[in-house]
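Open your viewer, switch to a cartoon representation and keep the selection box handy. We will hop from stop to stop, and at each one I will say what to select and what is there.

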Amino acid sequence: KETEEVFKVKKSSYSKKIVKQLKKEYKEDLEKSKVRAEVNSPTDVEPPLEKTGQIKDIGQEDGTANSEHGEEEMEVESEKEEEKPKAGGAFSSALSSLNVLRPGEIPDAAFIHAARKKRQMARELGDFTPVDSEPGKSRLVREDENDASDDEDDDEKRRIVFAVKEKSQRQKIAEEIGIEGSDDEALVAGEQDEELSRWEQEQIRKGINIPQACSYQPAEVNNVYYQNTYQTLSYGSSYGIPYTYAAYGSSETKSQKTDNTVPFKTPSNEMTPVTIDLVKKQLKDRLDSMKELHKANRQQYEKHQQSREDSTKAIERLEGSSGGIGEQYKFLQEMRGYVQDLLECFSEKVPLINELESAMHQLYKQRASRLVQRRQDDIKDESSEFSSHSNKALMAPNLESFGRDRVIYQEQVKRRTAEREARRARRRQAREQTGKMADHLEGLSSDDEETSTDITNFNLERDRILKESSKVFEDVLESFYSIDCIKSQFEAWRSKYFASYKDAYIGLCLPKLFNPLIRLQLLIWTPLEGKCRDFETMLWFESLLFYGCEEQEQVKDDADISLLPTIVERVVLPKLTVISENIWDPFSTTQTTRMVAIVQKLVDGYPSVVNAENKNTQMLLKALLLRMRRTLDDDVFMPLYPKNILENKNSGPYLFFQRQFWSSVKLLGNFLQWYGILSNKTLQELSIDGLLNRYILTAFQNSEYGEDSIKKAQSVIACFPKQWFSNLKGDKTISQLENFCRYLVHLADTIYRNSIGCSDVEKRNAREHIKQIIKLLASIRALDHAMTVANDHNVKELKILIEGK
């Protein structure tokens, strides 16, 4: 590379006089160079410098510059884009020996003359090269006169970097004859200057053999200039000429001296001597680095070995467990298909099971309704027959004026009367055969006998329903309707894969799954009948009794443990609800006893039934209460007859009255059998308020005051649960029995009054009757009334009577 020299100076304006002087001196110098060119060889010829008038300004121009100056700047700018920078020569080295112009300083004639002499000397030595580092830039700096008045800050922003442009021979001739810069461009396009080509080749040849220099130190000035860094070649070093350059620094620091000479030092090619210690040290360092690398590689190797062993173990473990997972997947897929088929089967068969169950319930309901309706008709017939206030309208309602319906009504009454008497005669005959005739009272027996026709029709319909039920699953494989087969499928799932079994909530689904099959087996199950089989002895109960009870340890919160209680809750309780609402007859002591027994068994043996939040239990109790209230409102009837009619104990009204009274007492006892199942408040409301105080006390008031009334009172008190009175405190009984206690006090007074004036035997019997009344009052914890009776009738054995209650 060739040395380049850049002058960065502040922009200034030269006067036209100085410019003309420079042009004149340049032409003289050009003539001298032509003369020397003829003498010297072509290789020593230096291309002429560009005339100083062509100046290019690369800084930003201020808006206050004149138009002439602006035209010159545009011309210089166009020349900058066309030409490329060229390297400087020995002229820069010669010029550096002079004092370099400071920024803003205008060169005088002596400086220009000295520069010209130096250039002449360089030409004679053959080392001349252009000082331009970039074409279109000159070492001279000019400044317009019109810009002299600009502020110092604006001057710092404008910078002019220029250099003398190299010109060909044609350009020199064109300049001498006065052709402008625009014409010179046309001359350059004509042909290539041969002299310039030779000179360039010589300079390239010289630059190949010259070492490069890479140091410079730019100077800093106060003004703002371009900062350029160059790697220059000390052209004059081969000739012993000192290498210098001038530069101007940034505007951000203070100006420094412009004379910055840097001597070029020839680089040394000597190398550090090689010794044995140096070789040992290098070998040792290399050995240490290899050891460290070997250690790191070994650690990495060990890590990979451990990872390989872990992967091998994982593969073996997974391969060992893959067989079980495959079997589990296969099993679960089979169970999935089985369950889907089972549900599809049930979706088709469950509607048939529901229809059969409804048909069976309807059959039992019709029979129970027929019996209840017959009893109500008998009561109406007897009441109409023995009523002293009866008339034809009452005996035969809805009769036409012509009396056509009277005959039909009378025939129906005669038929019902004949059937009723025949049933009573058969029951009386049965009691005589069993020896229970003496203890029996009319009205205590349940008139639930059926005719042979009704029994035959009932059995035929029931058999038909059973036959239809046996055909429900005749087209289905046993594994889809047999409880044992279905249970075995889920037991296998539970025993093999309990986790998935539990996650599928099979324990909660099994009661619903077995529901239709169990209801089909309970189709004819009716606990009101004597021959009814206990559900705990049925096949479905025995099959599911030990489900989920393996020898292994039980899991906490296992739903399979409560499988049977849940089935009883969801199957048996709804069945009992339907029976109690439509089939059970509260007047029947036998049915009531059996119904109470089955409900009490469920309460004692199945905790889920006792749960207050159990909806099925609530529905069952609600059905029981509704049936009892309906019986109390529709079936209880107590006739009222004058005493003179009741004096004849063989008359029909007396027998009808006694039958209705004892049937009411029987109903009272049936109601109170529900003690422990229904609440005391509910039972007291039904039995005492609804039955005793409303019907039975009315019959007591119409009865004969004597031994018969005491016997009836004893029967009533025998129906009361003893637990009602065992926990009472004080001398008073429960509030609902106050009316009954007053009746007993009135009965004692009546017996005493009736004994006045009678024989001693009758008085003694009357006193015994009064003592019995005191015992009855003490048995129901009505001590205040008992003391009143004892005081009124001078009974001194009160304490003994109370303790012997």
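In which helix does serine 500 lie? Select serine 500 and you will find it in helix H14, which covers residues 498–503. Before going further, please keep in mind that this is a predicted model.

**Stop 1: serine 500**

Show the side chain of serine 500 and the backbone of tyrosine 497. A polar atom of that side chain lies 3.0 Å from the backbone oxygen of tyrosine 497. Now show what surrounds serine 500: leaving out residues up to four places away in sequence, serine 500 touches Gln328, Leu332 and Trp493.

**Stop 2: helix H13**

One of those contacts, Trp493, is among the buried residues of H13, so select residues 483–496 to bring up that whole helix. With 14 residues at 1.5 Å a residue, helix H13 should span 20 Å, and its end C-alpha atoms are indeed 20 Å apart, which agrees.

Colour Ile483, Ile486, Lys487, Phe490, Trp493 and Arg494; these are the buried residues of H13. Because they cover an arc of only 120° around the axis, they fall on the same side of H13. Turn to the other side of H13 and you meet Ser495 and Lys496, which are exposed.

While you are here, pick cysteine 485, also in helix H13. Is cysteine 485 buried, exposed or partly exposed? Its relative accessible area is 22%, and therefore it is partly exposed, as buried would need a value under 20%. Apart from its neighbours within four places in sequence, cysteine 485 is in contact with Tyr338, Glu478 and Ser479.

**Stop 3: phenylalanine 490 and the core**

Next, centre on phenylalanine 490. Not counting residues up to four places away in sequence, phenylalanine 490 touches Met335, Val339, Tyr501, Ile506, Leu510, Leu513 and Tyr547.

Zoom out to see where this leads. The largest nonpolar core has 124 residues, and Phe490, Phe535, Trp540, Trp674, Phe720 and Phe740 are the ones that touch the most other members. Helix H9 (residues 276–386) gives this core its largest share, 13 residues.

**Stop 4: tyrosine 505**

Go back to H14 and follow the chain onward. Tyrosine 505 sits in the loop between H14 and helix H15 (506–521). Check its backbone torsions: phi is positive, about 55°, although tyrosine 505 is not a glycine. That deserves a look, because most residues other than glycine have a negative phi. With a relative accessible area of 55%, tyrosine 505 is exposed.

**Stop 5: threonine 566**

Select threonine 566, found in helix H17 (residues 563–582). Its relative accessibility is 15%, so threonine 566 counts as buried. Which backbone atom does its side chain reach? Draw a distance to the backbone oxygen of serine 562, and the viewer should give 2.5 Å.

**Stop 6: helix H24**

Select residues 707–719 for helix H24. The 13 residues of H24 should span 18 Å at 1.5 Å a residue; the end C-alpha atoms are 19 Å apart, which agrees. Colour Ser709, Ile710, Lys712, Ala713, Val716, Ile717 and Cys719, which are buried. What covers the buried residues of H24? The cover includes helix H22 (652–672), helix H23 (680–702), helix H26 (738–755) and helix H27 (760–779).

**Stop 7: from H27 to H28**

Follow the chain out of H27 to arginine 781, which is in the loop between H27 and H28. Here is another positive phi in a residue other than glycine, with a value near 65°. Arginine 781 is partly exposed, with a relative accessible area of 22%.

Then select leucine 783, in helix H28 (residues 783–792). Leucine 783 counts as buried, at 9% relative accessibility. Add aspartate 731 to the selection: these two are 52 residues apart along the chain, and their C-alpha atoms are separated by 4.7 Å. Besides Asp731, the contacts of leucine 783 include Gly730, Ala778 and Ile802.

**Last stop: the whole chain**

Finally, clear the selection and look at everything. The chain has 29 helices and two strands, and 42% of its 805 residues count as buried. Among contacts between residues at least 6 apart in sequence, 78% join residues at least 24 apart. If you switch on the accessible surface, it comes to about 45800 Å², with 51% belonging to carbon and sulfur atoms.

Technical notes:
Residues numbered from 1 in each chain as written. Predicted model: local features only at pLDDT ≥ 70, side-chain atom pairs only at ≥ 80, totals over all residues. Heavy atoms only, no water. Helix = DSSP H or I, 4+ residues; strand = E, 2+ residues; numbered from the N terminus. Expected span 1.5 Å × (residues − 1). Buried < 20%, exposed > 50% of the residue type's maximum accessible area, 1.4 Å probe, protein only. Arc of directions from axis to C-beta. Core = buried A, V, L, I, M, F, W, Y, C linked by side-chain atoms within 4.5 Å. Contact = heavy atoms within 4.5 Å. Areas by Shrake-Rupley, 256 points an atom, 1.4 Å probe, with all protein chains shown as cover. Polar contact = N/O pair within 3.5 Å; in protein donor to acceptor, adjacent residues only side chain to side chain.
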